[in-house]
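Please open the model in a viewer that allows selection by residue number. The stops below are arranged so that each selection leads to the next.

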Amino acid sequence: MFDMKKLVLLLMFVCIAPLATAAERLSVVTSVKPLQLVANAIVADLGDVEVLIPAGSSPHHYSLKPSGIRTLNNADLIVWVGPSLEQFLTKVLQRADAPVLQLLEVSDTDSHGHEAESTVHDDEHHHHGGEDPHIWMDPLLMLDAAEKIKNALSAQYPQHAVQLEKNYQAFADELLTAEKQVRQQLIPYQKSGFVVFHDAFALLVEHYGLNQKAFFTVDPARAPGAKKLATIQKLLKTQKVGCVFVEPQFEAAVIKQIVSDLPVKMGQLDPLAIDVTLAQGYPGYLQILGSNIESCLQ
Ligand SMILES: [Zn+2]
């Protein structure tokens with residue numbers, strides 16, 4: 001006999017079951033890759049963490065694509081640094097349905113809205129608030145970020161609070177171990193001078209007491225001017241600078257030219273962790289930065 005009730009129940013199960021499981025999986029979106037690494041450690045098996053700005057694009061100059069808007073609309077939580085880094089997200093996030101976690105507070109100078117906005121295209125555009133927006137360069141700020149992500153998700157999904165806490169503790173242990181390891185690794189090089197391509201590493205330099213002498217540019221989208229190049233060339237000749245770090249995202253021909261006839265090594269530091277896998281995670285990224293610094297300065 002054809003049992004209508006059973007069929008209806010079966011259909012309901014078939015329709016509802018996938019929706020229910022999909023809704024239970026946490027869906028987090030972060031603006032940049034280093035934040036994805038941190039959020040992914042907290043979410044782990046409970047869901048997925050997507051990154052908004054694709055590999056090779058800079059958060060300083062980016063325009064959101066329709067697919068990016070869809071990603072934001074489907075998120076349970078959106079994590080970003082703040083208007084001093086991902087300026088393109090400021091307006092979009094004001095209209096976002098999902099809870100938004102902003103990691104860097106807006107300073108007084110930034111909050112004067114229009115004045116700050118009208119100066120975004122000058123050379124200091126991403127430092128006009130005074131605070132360095134590359135917060136992922138400080139491992140302790142990322143421990144803090146991990147805790148904020150854990151708290152935000154636990155408040156939304158109390159049924160996952162215990163697991164989120166476990167994930168956070170595991171991340172904290174791994175991060176603090178890597179942080180100490182890198183400190184030991186870099187102690188012998190604290191006095192060794194170096195130059196970086198764009199002003200993204202100041203928090204790392206400060207955290208580990210390193211000796212960064214200069215940077216070529218504040219805005220990675222702009223090639224350094226002739227005056228800046230001449231100043232750095234002079235610095236490379238007159239001061240003890242062992243290494244110049246370039247970035248995988250930017251063509252370094254002009255820098256290679258300056259360095260070529262000097263006793264200065266060239267290394268690479270990626271401020272966006274593009275090649276770092278989710279399995280390596282943020283602690284792995286920190287170790288890669290440490291090893292790249294060591295191998296260029298030794
Ligand atoms: Zn930058």
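Begin by selecting residues 241–246 and 265–268, which are strands β7 and β8. The two strands run parallel and are paired over four bridges; two strands count as paired if DSSP finds at least two bridges between them. Helices (H or I, at least four residues) and strands (E, at least two) are DSSP runs, numbered from the N terminus. This is a predicted model, in which local features need pLDDT of at least 70 and side-chain atom pairs count only at pLDDT 80 or more, while totals for chains, interfaces and linings use all residues. Residues are numbered from 1 along each chain as its sequence is written, and side-chain values use heavy atoms, with hydrogens and water left out.

Within this pair, highlight Phe245 and its bridge partner in β8, Gly267. Next add residues 253–260, helix α11, which together with β7 and β8 makes a right-handed β-α-β unit. A crossover is right-handed if, with the strands pointing away from the viewer, the path from the first strand over the helix to the second runs clockwise.

**The sheet**

Extend the selection to the four strands of the open sheet, whose order is β6-β5-β7-β8 and whose pairing is parallel. Which strands stand at the edges? They are β6 (211–217) and β8; each has a single partner strand, so one side of each is left without a neighbour in the sheet. On average, neighbouring strands of this sheet are turned by 25 degrees against each other, direction ignored. Axes are lines fitted to C-alpha atoms, for helices over the stretch in contact, and angles run from 0 to 180 degrees between N-to-C directions.

Now show helix α10 (residues 226–238), which packs on the sheet and touches β5, β6 and β7. Its direction makes about 155 degrees with that of β6. Contact here means heavy atoms within 4.5 Å.

**Strand β5**

Select residues 193–198, strand β5, which pairs with β6 in the parallel sense over five bridges. On its β7 side, four bridges join the two parallel strands. Val196 is a useful residue to label: its bridge partner in β6 is Phe215, and in β7 it stands opposite Phe245. Gly193 stands opposite Asn211 in β6. From β5 the chain crosses through helix α9 (residues 202–207) to β6, and this β-α-β crossover is right-handed.

Is β5 enclosed or open to the outside? Six of its six residues are buried, so β5 is largely enclosed by the rest of the structure. Buried means under 20% relative accessible area, exposed over 50% and partly exposed in between (1.4 Å probe, protein chains only).

**Tyr189**

Move to Tyr189, in the loop between α8 (161–186) and β5. Tyr189 counts as buried, because its relative accessibility is 12%. Not counting residues up to four places away in sequence, Tyr189 touches Leu210, Glu294, Leu297 and Gln298. A distance between the C-alpha atoms of Tyr189 and Leu297 should read 6.8 Å, although the two residues are 108 residues apart along the chain.

**The zinc site**

Select the zinc ion together with His60, His134 and His198, each of which coordinates the ion through NE2, at 1.9 to 2.0 Å. Donors are N, O and S atoms within 2.8 Å of the metal (3.2 Å for Na, K and Ca); water is not among the atoms, so sites may look incomplete. Along the chain the donors follow the spacing H-x73-H-x63-H. His60 lies in the loop between β2 (47–51) and α3 (66–73), and His134 in the loop between α6 (113–118) and α7 (139–156); this pair, 74 residues apart, links distant parts of the chain. Both His60 and His134 are buried.

**Helix α2**

Finally, select residues 33–43, helix α2. Of its 11 residues 10 are buried, so α2 is largely enclosed by the rest of the structure. Its cover includes β1 (26–30), β2, β3 (77–80), α7, α8 and α12 (281–297). Asn40 belongs to this helix and counts as buried at 18% relative accessibility. Leaving aside residues up to four places away in sequence, Asn40 touches Val49 and Leu278. Just after α2, Ala44 takes a positive phi of about 45 degrees.

**The whole protein**

Clear the selection to view the protein, which has 12 helices and eight strands. Of its 298 residues, 48% count as buried.
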